[in-house]
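Thanks for coming, everyone. I will keep this short. Please have a look at the screen first.

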Amino acid sequence: DRLTGPMLLVGMDTPQLDPATLARAFDWPDEVDAFFGPADDGGYWAIGLREPDGALVRGVPMSRADTGAQQLARLAAAGLRVAHLPALRDRSEDIPLLATHLLRQIKPTAALSPAALAALTAYRWPGNVRELKNVVEAAAALADELIGPEHLNAGMRLQFEFNPAAA
């Protein structure tokens, strides 16, 4: 409530965030009062306010499927003109690097096969990085050294196998 200039609040599950994505939130066109970065899980990864007001964010329930919708409704009810930042799921090109990094932390001697990387990249990741980490951990526990699509969870395998664009 004590801020006097624009502010940007960024969530914790954002390792794929890069300067180019952030740059848009720091360019405040006159017709924009707030920026909103949605997350696939129903939340949001960023919110920016030209004129910070704690009442705009205070009391919005967190970690729920409707958190983002409630926050966006609060901004609209306040009469703010909201510009959208890209959802982090739009950064699929970062999935192979991120998945490999997570795997090295969990099981340094293991590797992801090209087919497993293709399946991970094709998946939409509604749970964002948290879900990716859980999938990599489970696959590492199931595989010896080379993780293939058969080690990924069943829902992800089905989405990959029946999506011709992913092949």
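Let me start with a question: does His151 count as buried or exposed? Keep in mind that this is a predicted model. His151 has a relative accessibility of 16%. The cut-off for buried is under 20%, so His151 counts as buried.

Where is His151? Look at the loop between strand 6, residues 146-147, and helix 6, residues 154-161. What does His151 touch there? Leaving out residues up to four places away in sequence, His151 is in contact with Ala139, Leu142, Ala143 and Leu146. There is also a polar contact. A polar atom of the His151 side chain lies 2.9 Å from the backbone nitrogen of Gly148.

Now to the sheet. It is an open sheet of four strands. Read across it, and the order is 1-3-2-4, with mixed pairing. Which strands stand at the edges? Strand 1 and strand 4 do. Each has a single partner strand, so one side of each has no neighbour in the sheet. From one strand to the next, the twist averages 15 degrees.

Let us walk through the pairs. A general reminder: strands of a sheet pair through backbone hydrogen bonds, in either a parallel or an antiparallel way.

Begin with strand 1, residues 7-10. Strand 1 runs antiparallel to strand 3, and four bridges join them. To find this pair on screen, look for Leu9, which stands opposite Ile47 in strand 3.

Next, strand 2, residues 34-38. Strand 2 pairs with strand 3 over five bridges, again antiparallel. Here Gly37 stands opposite Ala46 of strand 3. Strand 2 and strand 3 form a hairpin, with five residues between the strands. Gly42 in this hairpin takes a positive phi near 100 degrees.

The last pair is strand 2 with strand 4. These two are parallel, with three bridges. One place to look is Ala34, whose bridge partner in strand 4 is Val82.

What packs on this sheet? Helix 2 does, residues 67-77. Helix 2 touches strand 2, strand 3 and strand 4. The direction of helix 2 makes about 15 degrees with that of strand 3.

So how many residues of strand 3 are buried? Six of the six, residues 44-49. That is why strand 3 is described as largely enclosed by the rest of the structure. We have already met some of its surroundings: strand 1, strand 2 and helix 2.

That is my tour. Over to you.

How values were computed
Residues are numbered from 1 along each chain as its sequence is written. This is a predicted model: local features need pLDDT of at least 70, side-chain atom pairs count only at pLDDT 80 or more; totals for chains, interfaces and linings use all residues. Side-chain values use heavy atoms; hydrogens and water are left out. Buried means under 20% relative accessible area, exposed over 50%, partly exposed in between (1.4 Å probe, protein chains only). Two strands pair if DSSP finds at least two bridges between them. A polar contact is a pair of N or O atoms within 3.5 Å; within protein, one must be able to donate a hydrogen and the other to accept it, and residues adjacent in sequence count only if both atoms are side-chain atoms. Contact means heavy atoms within 4.5 Å. Axes are lines fitted to C-alpha atoms, for helices over the stretch in contact, and angles run from 0 to 180 degrees between N-to-C directions.
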